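Subject: Structure for your review

Dear colleague,

Please find the structure below, handed over for your use. An account of what was found in it follows.

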Amino acid sequence: MPKAYSYLRFSTPEQMKGDSYRRQNALTQEWLAKNKDVELGELTFHDLGVSAFRGKNAETGKLGEFKAAVECGMVERGSFLLVESLDRLSRQAARKAQRLLEDLCELGITVVTLSDGRTYHQELLEKDPFSLIMSLLIFIRANEESARKSGLLQAAWTGKREQATSKPMTAKCPGWLRLNRDTGKWDVIPERAAIVQRVYRETLEGRGQRAITAGLNRDGIPLFGKAGRWHRSYTYRLLNNPAVMGTFTPHTSDWKDGKRLRKPIQPLPGYFPAIVDPETFQRVQAMGQGRSSPARGSNAGRDVQNIFGGLLACPRCGARMNMINKGVNSRRYVVCRRARAGMGCTYESVPYETLKQALLHDAEALLCDPRAGGAEGDSVQAQLDLAANTLEAVEDYLAHLWETHRTNRLQSILGEIKETEAEREVLRKRIRELAARRDVVLGPFVERRAQEALEALRAEPMDRKRVNALFRSLFTRVTVNHDRGTLEFVWKGGGCSSVLYAFPKDSAVAA
């Protein structure tokens, strides 16, 4: 039997709470009920809260994964892709959207638009000019609608910026402030403001960012957020943030090569209450404390220096390891971030170049035998089947409860209905998580990414950013085992592979 694959998409997470998900899913079930000679494929491709206006769903989302699945044979030619309407595939400029539809059709896929019952396949687009024109008109309308909404949103933010001197633009603010909903004004959180003032005071006394950070952790000072401990990067941001003296810098958004770029515009002095006087702020800037920053966050667009970025883990405490420069020749090392922050872990550095050369030497052995699927894949599929069967039973029971309530009007049933609906939402979330996990551990996907990573490592010059992105898709972490002298790569599909970078220590050999 030919297979059909459901593709659901909506732009914002809030739509998950509305009718969009239910409506698209219901249309899929209705089509399958009418086409009993087609069975639903085991893979799911849902871009929930992903916009199609910039093509993100086709580039890095589940729609892109569907194309990859067809190209590597996981989805057979002649299969159906079920979508509510063509604008679920793309809301880009019509020529780009049309190209996406043609690419799918040339791969042997029949695209079915459930809202109007139309089908699009390669033969139809070649022989029926009306269908080609119809699809193009739909894409034009979708793009114009998204462009109009984008323009309205930009105009709304322009209006907010114009009124910013008298009314806060949003409730978003630095961690030492909160918006008073009753007065519409900012309230200073005294204990947090005192922490910021301490950071500035110690900086003027000559203490460095690392020493200040270690002192905050040692004294048990709570961080403004969920991280649980202070990091040097956060201390840096405090010392470089003009919001401490009340200045807010709005940004506008622009797009280039499919990427969103934030551009600062005219700062607004006096937008926030000042907790540090301008003279103190300028003195700190003059000391050079705000002139350099790790290449992260808003600076992530810089060239990637560490191909293991975001993956290296300490073998002792499990914390992330960061790259630092030290020595007269500014050699690069990787060190446990907890050890650097004075939080109890043992300080031990490893030359980054040593790790990179070890990887390059053993890259083929590491990446030509990827850990994919296997026992974990079977386990995830079993869990997914169980969750799907349970959800079906829960939905049947919920329908029974609503019918009983409609017939008998028993208020006592409403409580049970509410609990059952909550159970259903938990199951739906579980199914989405398991489906995503299953896609990750499937063999062909992993093998393809591993081959791409090997080619990226061998390229001249090496594209470090691409290598790092591919490694992040393949591995959950890379532990630097100081005692054994190994890099231990933990695959997302389960299992571990090792690369030797140094001789083991005597204690490790004895063990």
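Which residues are buried in H9? The model in front of you is predicted, and in it the buried residues of this helix are Ser 233, Tyr 234, Thr 235, Tyr 236, Leu 238 and Leu 239. Helix H9 spans residues 232–239, and because six of its eight residues are buried, the helix is largely enclosed by the rest of the structure.

As to the protein as a whole, there are 17 helices and 17 strands. Of the 511 residues, 42% are buried. The exposed area comes to about 27,700 Å², with carbon and sulfur atoms supplying 50% of it. If one takes the contacts between residues at least 6 apart in sequence, 59% of them join residues at least 24 apart.

I should next like to draw your attention to one sheet. It is open and built from four strands in the order E11-E15-E16-E17, with mixed pairing. The edges are held by strand E11 (312–313) and by E17; each has a single partner strand, so one side of each is left without a neighbour in the sheet. Helix H12, residues 352–367, packs on this sheet and touches E11, E15, E16 and E17. The direction of H12 makes about 135 degrees with that of E17.

The pairings within the sheet may be described in turn. E11 pairs with strand E15 (residues 475–481) in the parallel sense, over two bridges. Here Ala 313 stands opposite Thr 479 in E15. By contrast, strand E16 (residues 486–491) and E17 run antiparallel and are joined by five bridges. Phe 489 has Ser 497 of E17 as its bridge partner.

That same Ser 497 belongs to an alternating pattern along strand E17, residues 496–500. Ser 497 and Val 499 point to one face and are buried, whereas Cys 496, Ser 498 and Leu 500 point to the other face and are not buried. In general, side chains in a regular strand alternate between the two faces of the sheet.

A second helix, H16, also meets this sheet: H16 lies across E15 and E16, running at about 100 degrees to E15. The loop between helix H15 (443–458) and helix H16 (464–474) contains Pro 461. The peptide bond leading from Glu 460 to Pro 461 is cis, with omega near -5 degrees.

Yours sincerely

Note on methods: Residues numbered from 1 in each chain as written. Predicted model: local features only at pLDDT ≥ 70, side-chain atom pairs only at ≥ 80, totals over all residues. Heavy atoms only, no water. Buried < 20%, exposed > 50% of the residue type's maximum accessible area, 1.4 Å probe, protein only. Contact = heavy atoms within 4.5 Å. Areas by Shrake-Rupley, 256 points an atom, 1.4 Å probe, with all protein chains shown as cover. Pairing = 2+ DSSP bridges. Axes fitted to C-alpha atoms, helices over the stretch in contact; angles between N-to-C directions.
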